[in-house]
Amino acid sequence: MKSIRPYNKSEKKKIQIVNMFDNISETYDLLNLILSFRMDYIWRRKSIQSIKNNPKKLLDIATGTADFAIMAAKYTNAQIRGIDISDKMLKIGNKKIKKHKLSNRIKLKLADAEELPFRNNSFQAITAGFGVRNFESMEKGLSEMHRVLDKNGVLVVLEPSKPNKFPIKQLYNIYFTYILPLLGKLISKDKNAYTYLINSVNAFPNKNIFLKKLKAAGFKNCKHTPLTFGIVSLYSAEK
Ligand SMILES: C[S@@+](CC[C@H](N)C(=O)[O-])C[C@H]1O[C@@H](n2cnc3c(N)ncnc32)[C@H](O)[C@@H]1O
């Protein structure tokens with residue numbers, strides 16, 4: 001996958017990603033709500049409901065402002081850990097966890113998905129919402145998820161994808177090329193962030209390639225489910 005970076009070609013991708021998410025952290029939730037017409041909530045709920053192994057411990061990778069972790073607390077009985085490399089996203093996540101009175105169920109930690117600070121086979125489920133695309137090395141990130149997942153544990157990954165059927169494809173292209181960058185720029189005041197979003201979605205591997213990457217990282221029963229006419233992909237896999 002071509003390395004798409006938010007601000008420039010010279011600085012390490014990871015540093016730029018931290019800066020970008022720190023910059024947009026205050027407006028991230030609002031923009032998510034507006035840009036996805038609140039469908040992000042439905043996508044996360046569907047992903048969590050696809051986890052059928054009643055996990056004791058669940059890890060939310062690239063947890064950001066903790067929406068996936070909070071959803072997991074609602075629909076599972078698991079103890080939840082969330083990790084992210086952006087301290088500012090986590091700070092907002094922690095406030096929301098307190099507000100939802102979930103501090104006894106969810107613990108957040110500043111950590112890199114490509115070097116997870118957990119022992120092998122620690123979790124029965126892992127979720128990763130809209131994060132994998134931002135990794136410096138996707139292979140490293142996937143292999144770390146596989147390492148910390150318990151035998152027969154479940155992984156679910158959500159990523160935006162490009163629909164390929166008329167007329168959704170055409171509508172999506174108009175929205176993605178003209179409306180989303182404008183709204184992103186107006187609300188978040190970081191024009192690079194939403195150009196990066198578009199470029200990184202365009203550069204993300206198609207479903208067959210991503211399924212191959214999951215298999216190469218050691219996962220079995222790798223599946224792809226298109227959500228909302230294929231504008232988002234739900235990947236699931238087992239260790
Ligand atoms: C688009 S946000 C998604 C947040 C949340 N999962 C959600 O569903 O709203 C992507 C998050 O990935 C985090 N991220 C990117 N690369 C990471 C890495 N290598 N390790 C941990 N988190 C990472 C960013 O800091 C950011 O908070």
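The shell around the ligand in this predicted model is a mixed bag: its residues divide into 10 nonpolar, 6 polar and 4 charged. Of the 20 residues around the ligand, Ala62, Gly64, Ser86, Ala113 and Gly129 come nearest. Three elements, helix H1 (13-35), helix H3 (67-75) and strand S2, each supply at least two residues of this shell.

Of these elements, H3 is mostly covered, with 7 of its 9 residues buried. The buried ones are Asp67, Phe68, Ala69, Ile70, Met71, Ala72 and Ala73. What lies over them includes helix H2 (39-49), helix H4 and strands S1 (57-61), S2, S3 and S4 (123-129). Strand S2 is mostly covered too: 5 of its 6 residues are buried.

Now for the sheet. Seen as a whole, it is an open sheet of 7 strands in the order S3-S2-S1-S4-S5-S7-S6, and the pairing is mixed. The edges are taken by strand S3 (106-110) and strand S6 (220-227), each of which pairs on one side only. On average, neighbouring strands of the sheet are turned by 15 degrees against each other, direction ignored. As a rule, strands of a sheet pair through backbone hydrogen bonds, either parallel or antiparallel.

Both arrangements turn up here. S1 and S2 run parallel and are joined by 5 bridges; Lys57, for instance, has Gln79 in S2 as its bridge partner. Moving on to the edge, S2 (residues 79-84) and S3 also run parallel, again with 5 bridges between them, and Ile80 finds its bridge partner in Ile106 of S3. Helix H4 (residues 87-99) packs on the sheet at this point, touching S2 and S3, and its direction makes about 170 degrees with that of S3.

At the other edge, S6 and strand S7 (residues 232-238) run antiparallel and are held together by 6 bridges. One of the pairings there links His224 to its bridge partner Tyr235 in S7. The two strands form a hairpin with 4 residues between them, and Thr228 in the turn has a positive phi of about 45 degrees.

Back among the helices, H1 and H4 meet as well. Their axes come within 7 Å and cross at roughly 25 degrees, which makes H1 roughly parallel to H4. On the H1 side the contact is made by Phe21, Asp22, Ser25 and Tyr28, and on the H4 side by Asp87, Lys88, Met89 and Ile92. The residues of this contact divide into 4 nonpolar, 1 polar and 3 charged.

A few spots in the backbone go against the usual habits. Most residues other than glycine have a negative phi, and most peptide bonds are trans. Phe130, though not a glycine, has a positive phi of about 55 degrees, and its place is in the loop between S4 and helix H5 (138-148). With 23 other C-beta atoms within 10 Å, Phe130 counts as buried. Asn152 is not a glycine either, yet has a positive phi of about 65 degrees. Asn152 lies in strand S5 and is exposed, with 11 other C-beta atoms within 10 Å. Finally, the peptide bond from Phe166 to Pro167 is cis, with omega near 0 degrees; Pro167 has its place in the loop between strand S5 (149-160) and helix H6 (168-188).

Terms used:
Residues numbered from 1 in each chain as written. Predicted model: local features only at pLDDT ≥ 70, side-chain atom pairs only at ≥ 80, totals over all residues. Pairing = 2+ DSSP bridges. Axes fitted to C-alpha atoms, helices over the stretch in contact; angles between N-to-C directions. Contact = placed C-beta atoms within 7 Å. Near = placed C-beta within 6 Å. Nonpolar A, V, L, I, M, F, W, Y, C, P; charged D, E, K, R; others polar. Parallel < 35°, antiparallel > 145°, perpendicular 65-115°, else oblique. Buried ≥ 20, exposed ≤ 12 C-beta atoms within 10 Å, placed from the backbone.
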